[in-house]
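The following exercises concern one protein chain. Please study its sequence and structure first, and attempt each task before reading the solution.

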Amino acid sequence: MPSSRWRRGLIRLLAIAVTVLLSGAGWQVLHHRPPILLTANGHRIDDPMATLQTGERKVLDLVASRHGVRANDTRCYYTTTDLSSPYPVPVTLQIACGPVLFIDGDNSQPYLTFPLSAIPASGGRVRLTVSGDADQTLISGDSPGRRLVRPDSLQPPGGIDGAGGLILPPAPPAVTDVLTHTSRIGSNITSASPSAVMIGPRSGVRLLKYGFVQRYGTGDAARSAPHGKRLLAFQVQPMPGDLAYLPPQLSVRVGGGLERGPLIITNDYVVTAVPATAPSVDLVLTDGGVSQSLSLLTGEPGSSNPLIESRTKLTANVATSKKVTVRVKAAHGAAGLISGVMTISGVRLSYWGGDGSHASTPDRALLHVMATVKLTGDKQGYGVESGLLSVTPIGMGSAIARNAAADKNSQVDDVVDVPASITSGTISFSGTVTNSSGSMTVITPVNVAFTIPAS
C-alpha cells in the first residue's frame, strides 16, 4: 500500500535536514576540530584550558573591583612569538586576557597579561599556573611579532581598535560625603581675586582657585559626583597671621549648616561633594575666637569678615623726627623740663593687636603707630606712652591710642581704632599721662600727617 502524502513529505524533509547537518556548520558539530596542541619550554602543556580559566576568573574579579568593562567574548589566550604556525604551537610563559578596559585606559591596549609558572607534570608534560596578579602594562593583543592562541581555536574579537567595540568606562560616583584632596581634577576652575584672603592673629589663608568639576583623580582612583550632588574643588595657600605663622584651622560650611573639617593643609586641590541646590558653600577660617569665611561659589569674602583684610595697601612710611620738650613730675613732687626727639617711622593697618585684641567691628581696623621718643640721658628711644598719641582721620574726630602689646610691662604697641577705609589723617603727640611714678606732659605738641594708598 503506498504511503500517505504527508508521510512521504516528512521523510523528504528529514533527508534534507541530514544533508544540511553533514555540511557546513552541521559538519562541524558532528566532527569537532581537534584541539590545538600547545607546548611550553619544549613540553606539551597539561590541561591548558584550566590555566586559561584561572586567568578568566581573575579578570572577572579585576573588572568588578576596578570598575572596568569587558565584552561578552572576553577570554584569556596564550601568547606565542612563533608566527610560522608550527604544530604543536610553542607559547610563552604569559597569557593575555581581554578585551577589558579600565578608567582612563587605552582602547588600543585592551589585554591584561598574567605571568605563568611551569611545573613538571606526569608523562613528560608541563603544567602552567598563573603565578601572580595582572601586570600593570596592558598590551594590544595580536600584533606584529605576537599572536594569541587557544586550544579551542577561538580567536580574539575583531574591531578597528582591537577592543571589540568596548567604550572606556566612566569614573564611578564618589561617596556622598566625600572630602578629600587630589592633584588632578577633571576641568579648569576659576582663579580667585587677590582680595580672597582671611587673616587671623596666628594664621591666614588665600583662596587660589575654586569651582565645580566633573570628576577628580585618575585611573582606578577617579571619581565623579554622587547622585544629586556636585563636586566642588578649591586650592588654598597658607599665609602668615598678624602675630604668628601657624597652620590655619580650616573647614567647609555648606548652606550655613555644620562645618566639615578641619581640612588637611595641602598644595593639592581639596574636593568635596555638595548638594546641587546648596545656596552657599564657604571656606571657614577659625582663629582668635573669630570665624571668617570665603564663598567657594563666588570667591567673595563673607559679610562678617574684617574689611581690612580685603585691602592690599596697609602701610605707609612717615619717617619724621621732631624736637620736643616735656615736663616730667615725679610722684614725690620733683619736676623739670627735658628735651628730646620724637620719631614716627610709619603706620600699619591690621585687624589684630599684639595682645590678641581686635578692632571694635568688622568695618574698622587698628592703626599701629610706630613712634619712639628719646629724651636727654636716654641711651635709646622708647615707645611713646599711648596716652600721648592720638589719631585724627580726615573729616573725623580724634581718638587716643592704647597699648596693644602682648607684654605691656616691657613693650609698646600704640594702636588707634579707625575706619577700615582710612587713607589719610594726622598723628598728634600731645597731652599728659600719669602713672604711679609720676606724670609726663608734652610742652611742644607735634602733628604729623600720613597717607596710606587706597586699594
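A disulfide is a pair of cysteine sulfur atoms within 2.5 Å. The model used here is predicted: local features need pLDDT of at least 70, side-chain atom pairs count only at pLDDT 80 or more, and totals for chains, interfaces and linings use all residues. Residues are numbered from 1 along each chain as its sequence is written, and side-chain values use heavy atoms, with hydrogens and water left out.

**Exercise 1. The disulfide**

Determine which cysteines form a disulfide, and where they lie in the chain.

Solution.
Step 1. The structure holds 1 disulfide. Its partners are C76 and C97, whose sulfur atoms are 2.0 Å apart.
Step 2. Distant parts of the chain are linked by this pair, since C76 belongs to strand β3 (residues 69-80) and C97 to strand β5 (residues 94-101), 21 residues apart. Strands (E, at least two residues) and helices (H or I, at least four) are DSSP runs, numbered from the N terminus.
Step 3. The angle about the S-S bond is 105°, and the link of C76 and C97 is right-handed.
Step 4. Residues are classed by relative accessible area: buried means under 20%, exposed over 50%, and partly exposed in between (1.4 Å probe, protein chains only). C76 has 1% and is therefore buried; C97 has 0% and so also counts as buried.

**Exercise 2. The chain as a whole**

Describe the secondary structure and the dimensions of the chain.

Solution.
Step 1. There are 3 helices and 32 strands in the chain.
Step 2. The radius of gyration is taken over C-alpha atoms, and the globule rule is 2.2 Å times the number of residues to the power 0.38. For a compact globule of 455 residues the value would be near 23 Å, but the chain has 41 Å.
Step 3. Along the principal axes, the C-alpha atoms fill a box of roughly 155 × 55 × 35 Å.
Step 4. Of the 455 residues, 39% count as buried.
Step 5. Contact means heavy atoms within 4.5 Å. Among contacts between residues at least 6 apart in sequence, 65% join residues at least 24 apart.

**Exercise 3. Backbone geometry**

Which peptide bonds are cis, and at which residues other than glycine is phi positive?

Solution.
Step 1. A cis peptide bond joins G98 and P99, with omega about 5°; P99 is found in strand β5.
Step 2. The bond from G261 to P262 is also cis, with omega near 5°. P262 is located in the loop between β17 (259-260) and β18 (269-275).
Step 3. N41 has a positive phi, near 55°, and lies in the loop between β1 (38-40) and β2 (43-44). With 57% relative accessibility, N41 counts as exposed.
Step 4. A319 has a positive phi near 45° and is placed in strand β21 (residues 315-330). Its relative accessible area is 66%, so A319 is exposed.

**Exercise 4. The surroundings of D413**

Is D413 buried or exposed, and what is its nearest side chain of opposite charge?

Solution.
Step 1. D413 lies in the loop between β27 (402-403) and β28 (414-419).
Step 2. Lys and Arg count as positive, Asp and Glu as negative; His and the chain ends are not counted. A salt bridge is a side-chain nitrogen of Lys or Arg within 4 Å of a carboxyl oxygen of Asp or Glu.
Step 3. D413 is buried yet has no salt bridge; R348, the nearest side chain of opposite charge, is 5.4 Å away.
Step 4. Not counting residues up to four places away in sequence, D413 touches several residues, among them G353, G354 and H368.
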